[in-house]
Amino acid sequence: MASDYGTVIELESAFGLRAAQFLVTHRPWLDLYGINVRPAVPFSSLSSKSSVDTALIHRCLPDELLFEIFSKATPYTLGKAACVCRKWRYTIRNPVFWRNACLKAWQINGVYANYKILQSKYDGSWRKMWLSRPRVRTDGLYVSRNTYVRAGVAEWKISNPVHIVCYFRYLRFYPSGRFLYKNSSQKVKDVVKCMNFRASKVECVFSGQYTLTDDKIEAALLYPGLRPTVLRFRLRLRGTTVGSNNRIDLISLVTSGVDDTEASGPDDDILGVVEGWEENETHNPDVPAISHKRGLTPFVFVPLDEAETSVLNLPVEKMDYFVPG
């Protein structure tokens, strides 16, 4: 009797397991739980013991090839890759990657000045210098979205319509000390194609020079024409997170006249010409100095690979006002 009862229990358990195969989703990655992987040896470790990494990707990918891949990646890609595993995190902490990034970002200062700043302010750590020192980002556009209300044409004196007008200011910086500027009503996804020096001459994109001192940016460009006009920017760089540098506050925006003998084209040193000028100073009586008080919304950084999907592409009907943060 007991044997028959045991047989019934075994049959019920067998049928239950067979039914569970159809109810439980097969998740092969769950097989990795409980497998202990030895931590990778940190960079510049003094340990003499050999470390064997049992992870499949680390056995198939040699350290030399991994180092070569990381050397061609951008610092922001390295930050994302450091979250993959411990070995990648230790490898990415190699100061060689961050030294190259820092010397490229602040190449205007020169190699000697960068090494001096590294030792005096950042304890000799290139990575700390990259995260803490203010810098302009060159892998995208800084976009300022501005809106204002304009009165429409009254029809039959019954209604008085108004329109919300939206326009953008675009800035793109280069490590060489030059930048591009465009003022347009076009969306980010349409403007990003022409924000380069090849297409700038035919797309109403103007070039100028800038300097970065701590978190302050001084920039100037020349509007060519019968009465040349200089556009002067005073900007302040900041970030929503450490090392992001994804916001720029527009402190002042001034247009003033310049003499023909001082600057004749956009390739001239415009920033050197206006150095030391007062805010209301002009060198052409036909072009008075004007300090603009509208359109001073902070700039938001948009990476080049996110220009198509940025929320700044939304029309006014879906986003009448944008808060940069």
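The largest pocket of this predicted model encloses about 500 Å³ of space. Its lining is made up of 23 residues. Closest to the centre of the pocket are Thr 74, Pro 75, Lys 104, Trp 130 and Thr 138. Four elements give two or more residues each to this lining: helices H3 (63–71), H4 (75–81) and H6 (95–105), and strand E2 (162–173). Of the elements, H6 gives the most, with 6 residues. By residue class, the lining of the largest pocket divides into 14 nonpolar, 5 charged and 4 polar residues.

Aromatic contacts were examined next. The structure holds 15 aromatic pairs. One of them joins Phe 67 and Phe 97. Their ring centres lie 4.9 Å apart, and 40 degrees separate the planes. The pair counts as tilted, because its angle falls neither under 30 degrees, as in stacked pairs, nor over 60, as in edge-to-face pairs. Phe 67 belongs to helix H3 and Phe 97 to helix H6, so the contact ties together parts of the chain 30 residues apart in sequence. Both helices also contribute to the lining of the largest pocket. The two partners differ in burial. Phe 67 has a relative accessibility of 31% and therefore counts as partly exposed. Phe 97, at 6%, counts as buried.

A further pair is formed by Tyr 142 and Phe 173. Here the centres are 5.7 Å apart and the planes meet at 75 degrees, so the arrangement is edge-to-face. Tyr 142 lies in strand E1 (residues 140–151), whereas Phe 173 lies in strand E2; the pair therefore links parts that are 31 residues apart in sequence. Both Tyr 142 and Phe 173 are buried. Strand E2, which holds Phe 173, is also among the elements that give two or more residues to the pocket lining.

The contact between Tyr 142 and Phe 173 is part of a wider arrangement. These two residues form one aromatic cluster with Phe 179, Tyr 181, Tyr 210, Phe 233 and Phe 301.

Charged groups also meet aromatic rings. The charged end of Arg 133 sits over the ring of Trp 106, at 4.4 Å from the ring centre. In a second case, the charged end of Arg 135 sits over the ring of Trp 130, with 3.7 Å to the ring centre. Trp 130 is also one of the residues closest to the centre of the largest pocket.

How values were computed
Residues are numbered from 1 along each chain as its sequence is written. This is a predicted model: local features need pLDDT of at least 70, side-chain atom pairs count only at pLDDT 80 or more; totals for chains, interfaces and linings use all residues. Side-chain values use heavy atoms; hydrogens and water are left out. On a 1 Å grid over the protein atoms alone, a cavity is a set of points where a 1.4 Å probe fits but cannot get out, and a pocket is an open set with protein on both sides within 12 Å along at least five of seven lines; lining residues have an atom within 4 Å of a point. Grid points are joined across faces, edges and corners, and a volume is the space filled by probe spheres set on the points. Ala, Val, Leu, Ile, Met, Phe, Trp, Tyr, Cys and Pro count as nonpolar, Asp, Glu, Lys and Arg as charged, and the others, Gly among them, as polar. Rings of Phe, Tyr and Trp (its six-membered ring) pair if their centres lie within 6.5 Å; planes under 30 degrees apart count as stacked, over 60 as edge-to-face and the rest as tilted. Buried means under 20% relative accessible area, exposed over 50%, partly exposed in between (1.4 Å probe, protein chains only). A charge sits over a ring if NZ of Lys or CZ of Arg is within 6 Å of the ring centre and within 35 degrees of the ring normal.
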